[in-house]
Every structure is written in structure tokens, then in C-alpha cells.
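Trainee: I would like a close look at a single part of this model. Please take one residue and work outward from there to the parts around it.

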Amino acid sequence: MITQETRIRPAVHADGDALGRLDRDTWSPLHAVLPRPTEPYAPFFDERHRPEDHLVAVRGEEILGYVRVVPPTRLPTNAHVRQIQGLAVADAARGQGVARTLLRAAMDRARAEGAVRLTLRVLGHNAPARALYASEGFVVEGVLPGEFLIDGISVDDVLMGRSLTP
């Protein structure tokens with residue numbers, strides 16, 4: 001049996017419907033700070049969430065996941081930083097290294113854009129994501145205790161980052 005390789009490519013506008021479905025299918029209070037999406041669904045891409053901000057993992061024509069990498073602000077004083085503002089992997093593709101591959105592609109892209117730091121925010125109770133990020137060199141740089149109230153439970157917002165230079 002021949003298995004196709006997972007590839008990472010830039011997202012295109014035509015990926016919007018598939019990425020929207022992926023986002024809805026993977027929604028969980030483990031990582032979501034917004035309520036579960038309901039119909040009518042907003043478009044995945046909009047003026048703040050552009051295709052060019054996303055990398056997608058594909059196997060054949062199937063989208064397995066995505067990562068969104070953007071400047072954290074428009075300020076010139078932190079133009080050297082990129083931030084991961086979304087990472088999702090289809091349930092059927094979990095445990096196959098897709099998230100790690102997307103994370104590494106995000107680091108490569110940030111470096112190619114001249115960034116020297118990559119940051120992200122992760123919910124304190126999301127142990128699997130925190131372990132993945134730590135295994136790729138991200139360290140906790142701050143914690144906002146009880147920043148979110150999810151299903152009546154106080155959840156910390158954990159700020160993580162890493163250098164992109166050797």
C-alpha cells in the first residue's frame with residue numbers, strides 16, 4: 001500500500017469552505033475561546049483572516065490542517081515577530097505528526113519573512129498543545145491567570161514564545 005506524503009502549501013481562497021468545515025469539526029472547549037459555531041456560518045476568510053496568512057497541510061487533495069501565522073500588531077517596533085493565531089488538525093489525521101509539521105512550517109515561514117521570534121497563546125488546560133509547543137522549543141513567557149471563563153471554569157491564557165535565530 002502506498003501512502004501519500006503530507007505536504008504544506010500556502011492556503012488559497014478556494015480552501016475557505018474546507019477550512020471552515022475543519023474549524024467547526026475540530027471545535028473544542030480545550031482550545032476555543034469562542035462559542036461553538038452555529039449556522040449561518042461566517043466565511044473562514046475575511047479581511048482579518050486572509051488566505052495568505054495560512055499554511056495548509058494536505059495529503060493528495062485532502063486538507064488535514066492549517067496554521068495561521070501573522071504579525072502580532074501593525075507596529076513597526078515589533079515587525080520582527082510573528083504570532084501563531086490558529087492551528088487545527090482534522091481528527092482523522094491526529095497522531096500523524098501533522099501539527100508538528102505545520103508548526104515547523106510556520107517557523108520556516110516566519111524566518112523567511114525576516115522574523116526572529118515566534119509567539120503564541122494557548123489555554124492553560126490544553127496540555128497536548130502545550131507539550132507539542134514545548135517540544136519545539138517554545139517556553140512559557142507569561143500567564144494571564146483566569147483570563148477566560150469557559151463553561152463556567154476559569155482558564156489561564158498561557159503566552160509562549162521562542163527565538164527563531166540559531
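**From one leucine outward**

Mentor: Leu-55 is found in strand 2. Before going further, note that the model is predicted. The chain averages a pLDDT of 95, and 98% of the residues score at least 70. Confidence is lowest in strand 1 (residues 6–10), where the mean is 96, and highest in strand 5 (residues 117–123), at 98.

Is Leu-55 buried or exposed? Its relative accessibility is 8%, and the cut-off for buried is under 20%, so Leu-55 counts as buried. Leaving out residues up to four places away in sequence, Leu-55 touches Ile-8, Arg-9, Pro-10, Ala-11, Gly-65, Tyr-66, Val-67, Leu-102, Ala-105, Ala-106 and Arg-109. These contacts can be followed one group at a time.

Take Gly-65, Tyr-66 and Val-67, which are among the residues that Leu-55 touches. Strand 3 covers residues 62–70, and eight of its nine residues are buried. Strand 2 (residues 54–59) pairs with strand 3 in the antiparallel sense, over six bridges. At one point of this pairing, Arg-59 stands opposite Glu-62 in strand 3. The two strands form a hairpin with two residues between them, and there Gly-60 takes a positive phi near 65°.

Tyr-66 also has a part in the aromatic pairs, of which the structure holds three. The ring centres of Phe-44 and Tyr-66 are 5.2 Å apart and the planes stand at 80°, so this pair is edge-to-face. Phe-44 lies in the loop between helix 1 and strand 2, while Tyr-66 is in strand 3; the two are 22 residues apart, and the pair links distant parts of the chain. Both Phe-44 and Tyr-66 are buried. Ring pairs join Phe-44, Phe-45 and Tyr-66 into a cluster. The loop between helix 1 (16–25) and strand 2 also holds Pro-40. The peptide bond between Glu-39 and Pro-40 is cis, with omega about -5°.

On the other side of the pairing, strand 3 runs antiparallel to strand 4 (residues 81–89), and five bridges join them. Val-69 stands opposite Ile-84 in strand 4. Strand 4 and strand 5 run parallel and are joined by four bridges. Here Arg-82 has Leu-118 in strand 5 as its bridge partner.

These strands belong to an open sheet of seven strands, in the order 1-2-3-4-5-7-6, with mixed pairing. Strand 1 and strand 6 (139–150) are the edge strands, each pairing on one side only. Neighbouring strands of the sheet are turned by 25° against each other on average, direction ignored. Helix 2 packs on the sheet and touches strand 1, strand 2, strand 3, strand 4, strand 5 and strand 7 (153–163); its direction makes about 160° with that of strand 4. Helix 3 (residues 127–135) packs on the sheet as well, touching strand 4, strand 5, strand 6 and strand 7, and its direction makes about 160° with that of strand 5.

Back to Leu-55: its contacts include Leu-102, Ala-105, Ala-106 and Arg-109. In helix 2, these four are buried, as are Val-98, Ala-99, Leu-103, Met-107 and Ala-110. An α-helix has 3.6 residues a turn, so residues three or four places apart point the same way. Met-107 is 52 residues from Leu-55 along the chain, and the C-alpha atoms of the two are separated by 11 Å.

The length of helix 2 can be checked. It has 15 residues (residues 98–112), which at 1.5 Å a residue should span 21 Å; the end C-alpha atoms are 21 Å apart, so the two values agree. After helix 2 comes Gly-114, with a positive phi near 90°.

A positive phi also turns up away from glycine. Asp-151, in the loop between strand 6 and strand 7, has a phi near 50°. Its relative accessible area is 68%, so Asp-151 is exposed, whereas Leu-55 is buried.

Terms used:
Residues numbered from 1 in each chain as written. Predicted model: local features only at pLDDT ≥ 70, side-chain atom pairs only at ≥ 80, totals over all residues. Heavy atoms only, no water. Buried < 20%, exposed > 50% of the residue type's maximum accessible area, 1.4 Å probe, protein only. Pairing = 2+ DSSP bridges. Expected span 1.5 Å × (residues − 1). pLDDT = per-residue confidence, 0-100. Axes fitted to C-alpha atoms, helices over the stretch in contact; angles between N-to-C directions. Contact = heavy atoms within 4.5 Å. Phe/Tyr/Trp six-rings, centres within 6.5 Å; stacked < 30°, edge-to-face > 60°.
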